[in-house]
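The following exercises practise the reading of a protein model, one step at a time. Please attempt each task before turning to its solution.

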Amino acid sequence: MSLPKGLSPLIAPAVLLSGASLAWTTWSLVDLLGTGPIGLTVAAGADIVWAAVIAAEARNLRIPAGKVNLVPAIGWAALLAVAGLLVWHGIRADSIPMAVAGPLLPLGAKVIWLLALADMRDPAALTEKERAVLATMERGLTFEEEQHRIEMRRRAMTAELYLSEVDVDFRIERSRQDKARELQRGRSPLELTAYDPAEPPAHRAEPPAEPQHLLHSSTQVATPEPRAHTPEPDGASFGFSAHLNAQSAQRAQSVERVAELLAQDPGLTSAQVAERLNVSAATAKRYLREARQT
């Protein structure tokens with residue numbers, strides 16, 4: 001009969017000895033305690049501890065205490081405790097053979113299990129010290145990964161805060177520029193738009209034609225005499241002239257400004273002039289034409 005790969009032939013005797021040891025230990029402890037069926041709890045507890053330690057050793061479980069693994073020590077302590085109870089049971093029963101042969105079953109099962117586990121251990125496998133070194137490296141790598149993740153979260157939060165501050169500053173600056181343009185537009189003086197020959201003349205409303213019967217009747221009515229022209233006061237004439245002089249000075253300054261812009265940019269358009277001087281399109285065309293003629 002061939003065993004599965006990785007299993008030792010010593011598994012079979014180890015299992016048989018373990019079963020016999022569990023049966024003997026259970027009977028001995030129940031008889032030693034003298035409590036009847038309730039004593040099975042203590043006996044089963046001792047057997048479970050012993051079997052659990054064997055399973056832990058098979059899985060290479062480690063409980064490090066400095067440089068020592070506590071799992072084998074726990075197994076031997078549990079085994080010695082069970083063997084001591086079996087010796088005590090033989091002495092109380094006044095049977096030296098029971099006191100001597102009783103502990104041989106758990107001790108023999110323990111030895112066979114150690115041989116079976118050693119036989120199943122891969123010679124090329126890593127030692128406990130090497131596995132401990134690799135585990136330390138793995139823990140360090142895990143720590144660095146978590147540290148990097150937290151650092152990236154902190155940087156992302158900082159970048160988000162910076163972008164929020166930049167967005168707020170941009171909104172404030174845009175609002176300030178809008179308010180400045182509105183204020184400049186409100187303070188700019190009103191300009192009279194002169195007639196521009198380049199522009200099409202405005203459509204003027206024709207006076208409505210009089211009906212024919214009114215025309216005929218109007219010939220029979222005497223035409224009223226025209227009113228005498230009343231000369232305006234000199235003060236009103238002087239105020240209008242001053243207004244025209246101020247308008248002409250401002251117009252000359254505007255033309256000079258357009259000439260400077262035209263010197264900087266020969267391809268200057270009337271739309272750009274209107275935007276920079278905050279004037280109408282017709283006025284901008286007139287300024288641009290006069291600036292080119294100078």
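## Exercise 1: Salt bridges in helix α6

E146 and R149 are joined by a salt bridge, in which the closest N and O atoms lie 2.7 Å apart. The model is a predicted one.

**Task.** Explain why E146 and R149 are separated by about one helical turn, and state how exposed each residue is.

**Solution.**

Step 1. Side chains of opposite charge can pair when their charged atoms come close. For a salt bridge, the cut-off between the side-chain nitrogen and the carboxyl oxygen is 4 Å, and the pair E146 and R149 has its closest N and O atoms 2.7 Å apart.

Step 2. E146 and R149 both belong to helix α6, residues 128-187, and because they are three residues apart there, about one helical turn separates them.

Step 3. The relative accessible area of E146 is 38%, so E146 is partly exposed. R149, at 41%, is partly exposed as well.

**Task.** Which other salt bridges can be described in helix α6?

**Solution.**

Step 1. E151 and R155 lie four residues apart in α6, about one turn of the helix. Their side chains form a salt bridge with an N to O distance of 3.4 Å. E151 has a relative accessibility of 28% and therefore counts as partly exposed.

Step 2. A network of salt bridges links E151, R154 and R155.

Step 3. R181 and D178, three residues apart in α6, meet in a salt bridge at 2.5 Å, N to O. R181 is partly exposed at 42%, and D178 is partly exposed at 31%.

Step 4. For the whole structure, the search finds seven salt bridges.

## Exercise 2: Two packed helices

**Task.** How are α3 and α5 oriented to each other, roughly parallel or roughly antiparallel?

**Solution.**

Step 1. Two packed helices are described by the angle between their axes and the distance between the axes.

Step 2. For α3 and α5 (residues 104-120), the angle is about 155 degrees and the axes are 9 Å apart.

Step 3. Angles over 145 degrees count as roughly antiparallel; α3 and α5 are therefore roughly antiparallel to each other.

Step 4. On the α3 side the meeting residues are G75, W76, L79 and L86, and on the α5 side they are P106, L107, K110 and L114.

## Exercise 3: A nonpolar patch

**Task.** Which residues form a nonpolar patch on the surface?

**Solution.**

Step 1. The patch consists of I63, V68, L70 and I74, which together have about 310 Å² of accessible area.

Step 2. One of these residues, L70, is in helix α3. With a relative accessible area of 33%, L70 is partly exposed.

## Exercise 4: Positive phi values

**Task.** Where are D94 and N278 found, and how exposed is each?

**Solution.**

Step 1. D94 is not a glycine, yet its phi is positive, at about 55 degrees. D94 occupies the loop between α3 (70-92) and α4 (96-101). Its relative accessibility is 72%, so D94 counts as exposed.

Step 2. N278, also a residue other than glycine, has a positive phi near 60 degrees. The loop between α9 (270-277) and α10 (281-293) holds N278. At 30% relative accessibility, N278 counts as partly exposed.

## Exercise 5: The chain as a whole

**Task.** How many helices and strands does the protein chain have, and in what pattern?

**Solution.**

Step 1. The protein chain has ten helices and two strands.

Step 2. Along the sequence, these elements follow the pattern α-α-β-β-α-α-α-α-α-α-α-α.

Step 3. Of the 294 residues in the chain, 20% are buried.

Note on methods. Residues numbered from 1 in each chain as written. Predicted model: local features only at pLDDT ≥ 70, side-chain atom pairs only at ≥ 80, totals over all residues. Heavy atoms only, no water. Buried < 20%, exposed > 50% of the residue type's maximum accessible area, 1.4 Å probe, protein only. Patch = residues over 30% accessible without salt bridge, like charges linked within 9 Å, V, L, I, M, F, W, Y side chains within 5 Å. Areas by Shrake-Rupley, 256 points an atom, 1.4 Å probe, with all protein chains shown as cover. Axes fitted to C-alpha atoms, helices over the stretch in contact; angles between N-to-C directions. Parallel < 35°, antiparallel > 145°, perpendicular 65-115°, else oblique. Contact = heavy atoms within 4.5 Å.
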